[in-house]
Amino acid sequence: MSSFDVRLFADDASIVAIGEGLLAATLPRDAWTHEAHLAACSWLVRDRCDIDIECELPGIISRYNLASGGVNDDAQGYHETITQVYVAAVKAHFADVGSHLFLYQSVNSLLLSARGRRDYPLRFYSKELLFSAEARRTFVAPDLGSLDRM
């Protein structure tokens, strides 16, 4: 993927709107892109310390999927392992860049980094394991490399 394929954010307000739309389960389904996933996660990590992201994000995304007409089953919808990998990636990114940037600058730099790539989890997981029903339903340990390398 080239950087031209990434949809960047122009301001913090657009990221907050995505995060609030996710929490309220009102975000339009077509707005729930890869970039929106990482933006919402970033906002939750940085600005919503009242939410235990590792524990609560699974329910938040699952509820949103159902409210927007989706399903959560063994083939589609919420994916626990991918979610937890990206939560860790977002936290690692914020640890590296600090909190002095505007949120949209932090999110954009994440999206342009290796951690923000759509295929980032495949650095640690084989396709077979990552896209298994087990990995969708529960967090599974990586089979290709340690997540400590984030």
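## Burial and ground rules

Buried here means a relative accessible area under 20%, exposed means over 50%, and partly exposed falls in between, using a 1.4 Å probe and protein chains only. By that yardstick Y120 is buried, at 3% relative accessibility, and so is Y86, at 8%.

This is a predicted model, in which local features need pLDDT of at least 70 and side-chain atom pairs count only at pLDDT 80 or more, while totals for chains, interfaces and linings use all residues. Residues are numbered from 1 along each chain as its sequence is written, and side-chain values use heavy atoms, with hydrogens and water left out.

## The nonpolar core

In soluble globular proteins, nonpolar side chains tend to be buried together. Here the largest nonpolar core has 40 residues; such a core is a set of buried Ala, Val, Leu, Ile, Met, Phe, Trp, Tyr and Cys residues joined through side-chain atoms within 4.5 Å. W32 and L57 have the most contacts inside this core. At least two core residues come from each of α1 (12-24), α2 (34-47), α3 (53-67), α4 (80-97), α5 (103-111) and α6 (127-130). Helices are DSSP runs (H or I, at least four residues), numbered from the N terminus.

Leaving aside residues up to four places away in sequence, L57 touches L22, L44, D52, Y78, T83 and V87, where contact means heavy atoms within 4.5 Å.

## How α3 meets α4

Two of the partners of L57, T83 and V87, also appear where α3 meets α4: I53, E54, L57, P58 and I61 in α3 meet E80, T83, Q84, V87 and K91 in α4. The axes of these helices come within 10 Å and cross at roughly 130 degrees. Axes are lines fitted to C-alpha atoms over the stretch in contact, with angles running from 0 to 180 degrees between N-to-C directions.

The two helices are therefore oblique to each other, since angles under 35 degrees count as roughly parallel, over 145 as roughly antiparallel, 65 to 115 as roughly perpendicular and the rest as oblique.

## Aromatic pairs

Searching the whole structure turns up four aromatic pairs. Y86 and Y120 form a tilted one, at 6.4 Å centre to centre with 40 degrees between the planes. Rings of Phe, Tyr and Trp (its six-membered ring) pair if their centres lie within 6.5 Å; planes under 30 degrees apart count as stacked, over 60 as edge-to-face and the rest as tilted.

This pair links distant parts of the chain, with Y86 in helix α4 and Y120 in the loop between α5 and α6, 34 residues apart. Together with F124, Y86 and Y120 form one aromatic cluster.
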